[in-house]
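User: I've got a structure here that I'd like to talk through before I go back to the bench. Could you walk me through it?

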Amino acid sequence: ALWGIDMPYVVPIGRRLRICHHGGVHMGAWSVGNDVTIRHAVTVGVAGIVERTARSPVIGDGVELGPGAAIIGTV
């Protein structure tokens, strides 16, 4: 909450994850791959998720999520 980033500790994260702007980032993903870049105001997964579910998105390698991106469900 202090930094404006919500990322549960149970989400496996690959190498070289870059969160380029602080604030407004919610990561309810099943997993995050290598070389992923996340910009501000990005929502991945369902808001308020406590733990990973089979419906959580998987973010693959080399993905860049731009400002305001919203990825909900199994993509």
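Analyst: Let me begin with a term: a residue is called buried when its relative accessible area is under 20%, exposed when that area is over 50%, and partly exposed in between. By that cut-off, 32% of the 75 residues of the chain count as buried. Please keep in mind that this is a predicted model.

User: What average pLDDT does the chain have, then?

Analyst: The chain averages a pLDDT of 82, and 84% of the residues score at least 70. Among the elements, strand β8 (residues 64-65) has the highest mean pLDDT, at 94, whereas strand β1 (residues 5-6) has the lowest, at 81. As a general caution, where pLDDT is low, the predicted coordinates should not be read in detail.

User: How many helices and strands are there?

Analyst: The chain has nine strands and zero helices, and the pattern read along the sequence is β-β-β-β-β-β-β-β-β.

User: And which strands sit together in the sheet of four?

Analyst: That open sheet has the order β1-β3-β6-β9, with parallel pairing; its edge strands are β1 and β9 (70-71), each of which pairs on one side only. Within it, strand β3 (residues 25-27) and strand β6 (residues 43-44) are joined in the parallel sense over two bridges, and H26 stands opposite T43 in β6.

User: What about the sheet of three strands, what's its order?

Analyst: The three-strand sheet is also described as open, with the order β2-β5-β8 and parallel pairing. Its edges are β2 and β8, and each has a single partner strand, so one side of each is left without a neighbour in the sheet. Two bridges join β2 to β5, and the bridge partner of I19 in β5 is I38.

User: Let me pick a residue in there. T37: buried or exposed?

Analyst: T37, which lies in strand β5 (residues 37-38), is buried, because its relative accessible area is 7% and the cut-off for buried is under 20%.

User: It's a threonine, so what does its side chain pair with?

Analyst: The side chains of T37 and R18 are joined by a polar contact of 3.0 Å. Leaving out residues up to four places away in sequence, T37 touches R18, C20, V63, E64 and L65.

User: L65 comes up there. What else does L65 touch?

Analyst: With the same exclusion of residues up to four places away in sequence, L65 touches T37, I38, R39, V42, V44 and I71. L65 also belongs to the largest nonpolar core, which has 12 residues, including I38, V42, V44 and I71 from that contact list. Other members of this core include V11, V25, M27 and I59.

User: Switching topic: where does S31 sit, and is S31 buried or exposed?

Analyst: S31 is found in strand β4 (residues 31-32), and at 19% relative accessibility S31 counts as buried, because the cut-off for buried is under 20%. Not counting residues up to four places away in sequence, S31 touches V11, P12, P57, V58 and I59. The C-alpha atoms of S31 and S56 are separated by 8.5 Å, although these residues are 25 apart along the chain.

User: Which residues have a positive phi without being glycine?

Analyst: Two examples are R16, with a phi near 60 degrees, and A41, with a positive phi of about 60 degrees. For background, most residues other than glycine have a negative phi. R16 is placed in the loop between β1 and β2 (18-19), while A41 is found in the loop between β5 and β6. R16 counts as partly exposed at 43% relative accessibility, and A41 counts as partly exposed at 36%.

User: What is A41 in contact with?

Analyst: Leaving aside neighbours within four places in sequence, A41 is in contact with G23, G24, V25, P67, G68 and A69. A41 and L65 are 24 residues apart in sequence, and their C-alpha atoms are 9.7 Å apart in space.

User: Last one, for the whole chain: what are the figures for contacts and surface?

Analyst: Among contacts between residues at least 6 apart in sequence, 35% join residues at least 24 apart. The accessible surface of the chain comes to about 4500 Å², of which 58% belongs to carbon and sulfur atoms.

Terms used:
Residues numbered from 1 in each chain as written. Predicted model: local features only at pLDDT ≥ 70, side-chain atom pairs only at ≥ 80, totals over all residues. Heavy atoms only, no water. pLDDT = per-residue confidence, 0-100. Buried < 20%, exposed > 50% of the residue type's maximum accessible area, 1.4 Å probe, protein only. Contact = heavy atoms within 4.5 Å. Areas by Shrake-Rupley, 256 points an atom, 1.4 Å probe, with all protein chains shown as cover. Polar contact = N/O pair within 3.5 Å; in protein donor to acceptor, adjacent residues only side chain to side chain. Core = buried A, V, L, I, M, F, W, Y, C linked by side-chain atoms within 4.5 Å. Pairing = 2+ DSSP bridges.
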